[in-house]
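Visitor: Please take a close look at one part of this model, its interior. I would like a single connected account, residue by residue where that helps.

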Amino acid sequence: MNAETVPEADLDVQAQSILLAASHHNIESLRTLLRTGSASVQDPETSFTPLHAAIAACEPSADDLIDGGNPNGHVNGTANGDHSSSTESDVEAAAKTMRLLFQNGAIWNDVDSKNETPGCLALRLGLKDLYEIMVDAGVRAEMLLNRLDEYEHLTGNDDEEEEDEEQGSDEETKDHGQVDAPSNGQQQDLNDDGEEPSEINNEDYLQSSLRFQDGRILDSAGNGVMMAWETDLIKRSVDLIVPRSDLRVLNIGHGMGIIDTFFQEKALSAHHIIEAHNGVLERMRKDGWYDKPNVTVHEGRWQDVVPKILDQGVLFDAIYFDTFAEDYKALRDFFSDCVIGLLNDGGKFSFFNGLGADRQICYDVYGKVLEMDLFEAGFDTEWDTVKVPEMDKGEWEGVRRRYWSLREYKLPTCEFIG
Ligand SMILES: C[S@@+](CC[C@H](N)C(=O)[O-])C[C@H]1O[C@@H](n2cnc3c(N)ncnc32)[C@H](O)[C@@H]1O
């Protein structure tokens with residue numbers, strides 16, 4: 001008998017039994033139940049999955065929290081109502097339960113009614129080991145999806161791709177203002193603010209009209225294309241990839257011109273900028289970027305411009321990549337296929353690392369995916385941790401969705417190995 005042939009009422013009982021067994025870390029019972037039941041059931045009220053239940057059962061007691069057990073000071077009910085303090089063996093048992101659930105197809109990023117993934121819950125409860133298990137599961141799922149995506153492209157399996165798109169399961173992670181969280185094949189909207197994720201793609205964005213406001217650029221839907229709070233992070237990136245004067249630099253995505261202004265302070269021997277949006281290009285003209293003696297502006301999408309630069313054999317000592325409304329694949333294509341033909345020996349490459357930045361676990365998962373893909377592309381990457389400036393609510397007023405909610409930024413500096 002499989003799940004499809006089990007009557008609905010029995011399914012409810014089965015789902016509750018699975019959740020209960022997971023919260024009790026009862027491996028034997030769970031193993032039996034998962035023969036016919038799913039590891040991705042959700043409680044109808046709390047939307048807890050068995051992963052949530054297994055983690056919540058390790059929640060430290062209120063007394064432990066007063067003693068400083070939980071850094072966030074939250075007190076929450078557990079799946080089985082048990083508030084006993086989490087011991088090492090509780091955590092070990094939870095870890096075993098989680099592994100069994102993953103072996104049976106549990107989904108790493110289903111959210112509960114509080115919009116928390118199991119990883120968010122583990123992080124909030126200060127359960128570091130369990131959080132790491134969730135991150136690793138997310139990395140495995142994302143790497144597999146990325147590989148499947150490549151395989152589909154290689155085999156030209158477009159029919160399935162079209163079908164996926166029709167079902168709304170676009171499994172791409174977008175950067176800079178567009179963070180669709182990493183996915184699991186069953187699309188999850190993991191936006192912290194509970195808003196619909198913006199569906200904007202690069203083509204639509206480039207057609208949209210822009211609003212240049214004090215300290216930010218918004219597209220016509222109110223998405224933040226660029227915001228001034230990023231200035232310190234960008235300054236640090238410039239200092240790392242342009243350590244001295246007289247270098248040749250390529251920047252992709254001008255935006256508010258923050259990075260290009262910092263580059264100009266470095267007395268470069270050549271400064272190339274690729275920009276695709278007509279509204280930004282018009283601004284650049286007005287602001288005199290076309291007239292600067294060492295600046296070359298390339299109008300158009302980097303996908304069209306880079307092949308021309310490659311044909312000319314022009315090389316750079318530093319390259320920065322920060323576009324908008326593009327998915328992870330675009331960034332990976334750029335660093336896997338283009339940088340090698342553009343970067344001088346000993347040159348440095350960096351990019352705005354905003355993938356999944358509206359949720360810590362997504363940021364950590366994509367950090368690891370990036371690290372592996374960068375390594376595979378031949379880079380040695382240094383990750384600098386930079387504090388993100390405190391932001392009050394006003395910072396995000398009028399912006400469609402908050403694309404950054406983390407305290408720390410991981411700044412990548414990449415050089416080719418050897
Ligand atoms: C986030 S902003 C860059 C901000 C910039 N780093 C700064 O310091 O102000 C992204 C920029 O990339 C541009 N862009 C988006 N897609 C592009 C593409 N495919 N090729 C070139 N530029 C693109 C956008 O028009 C926008 O100006």
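**Buried residues, a sheet and a cavity**

Guide: Ala56 counts as buried, because its relative accessibility is 2% and the cut-off for that word is under 20%. The model is a predicted one, and every value here is computed from its atoms. Ala56 belongs to helix 3, which covers residues 50–56. Leu121 is 65 residues away from Ala56 along the chain, and the C-alpha atoms of the two are separated by 7.4 Å.

Next comes Asn115, which sits in the loop between helix 5 (88–103) and helix 6 (118–124). Its relative accessible area is 19%, so Asn115 is still classed as buried, given that the limit is under 20%. The backbone of Asn115 has a phi near 65°, a positive value in a residue other than glycine. Most residues other than glycine have a negative phi. His25 is another case of a positive phi in a residue other than glycine, with a value near 55°. The place of His25 is the loop between helix 1 (8–23) and helix 2 (27–36). With a relative accessible area of 13%, His25 is buried.

Asn115 also leads to another loop. Its backbone oxygen lies 3.0 Å from a polar atom of the side chain of Arg359. Arg359 is in the loop between strand 8 and helix 15, and its relative accessibility of 3% makes it buried. The loop between strand 8 (343–351) and helix 15 (360–376) also holds Asp358. Asp358 has a relative accessible area of 1% and is therefore buried. The side chain of Asp358 makes a polar contact, at 2.5 Å, with the side chain of Arg401. This loop thus contains two charged residues, Asp358 and Arg359, each of them buried.

The next topic is strand pairing. Strands of a sheet pair through backbone hydrogen bonds, either parallel or antiparallel. Both kinds of pairing occur here, as the next two examples show. The antiparallel example is an open sheet of 3 strands, in the order 1-2-3. Strand 1 (211–213) and strand 3 (224–227) are its edge strands, each pairing on one side only. Neighbouring strands of this sheet are turned by 15° against each other on average, with direction ignored. Strand 2 comprises residues 216–218, and 3 bridges join strand 1 to it in antiparallel fashion. One of the partnerships is that of Gln213 with Arg216 in strand 2.

The parallel example is the pair of strand 4 and strand 5, joined by 5 bridges. Across this pair, Arg248 stands opposite Ala270 in strand 5. Strand 4 is largely enclosed by the rest of the structure, because 4 of its 5 residues are buried.

Ile258 lies in helix 11 and is buried, at a relative accessible area of 14%. Its C-alpha atom is separated by 9.6 Å from that of Met227, a residue 31 positions away along the chain.

That leaves the empty space. Rolling a probe the size of a water molecule over the atoms shows where empty space is left. In this model the count comes to 2 cavities of 30 Å³ or more, and the largest has a volume of about 320 Å³. The lining of the largest cavity has 29 residues, of which Gly253, Glu275, Asp322, Thr323 and Phe324 are the closest to its centre. Elements that give two or more residues to this lining are helix 9 (202–207), strand 3, strand 4 (248–252), helix 11 (258–264), strand 5 (270–275) and helix 13 (302–312). Helix 9 gives the most, with 3 residues. By residue class, the lining divides into 15 nonpolar, 10 polar and 4 charged residues.

The cavity ties together several of the elements already described. Strand 3, an edge strand of the open sheet, is among the contributors to the lining. The parallel pair of strand 4 and strand 5 is represented there by both strands. Helix 11, where Ile258 has its place, is a further contributor.

Conventions. Residues numbered from 1 in each chain as written. Predicted model: local features only at pLDDT ≥ 70, side-chain atom pairs only at ≥ 80, totals over all residues. Heavy atoms only, no water. Buried < 20%, exposed > 50% of the residue type's maximum accessible area, 1.4 Å probe, protein only. Polar contact = N/O pair within 3.5 Å; in protein donor to acceptor, adjacent residues only side chain to side chain. Pairing = 2+ DSSP bridges. Axes fitted to C-alpha atoms, helices over the stretch in contact; angles between N-to-C directions. 1 Å grid on protein atoms, 1.4 Å probe; cavity = no way out; pocket = protein on both sides within 12 Å on 5 of 7 lines; lining within 4 Å. Points joined across faces, edges and corners; volume = space filled by probe spheres on them.
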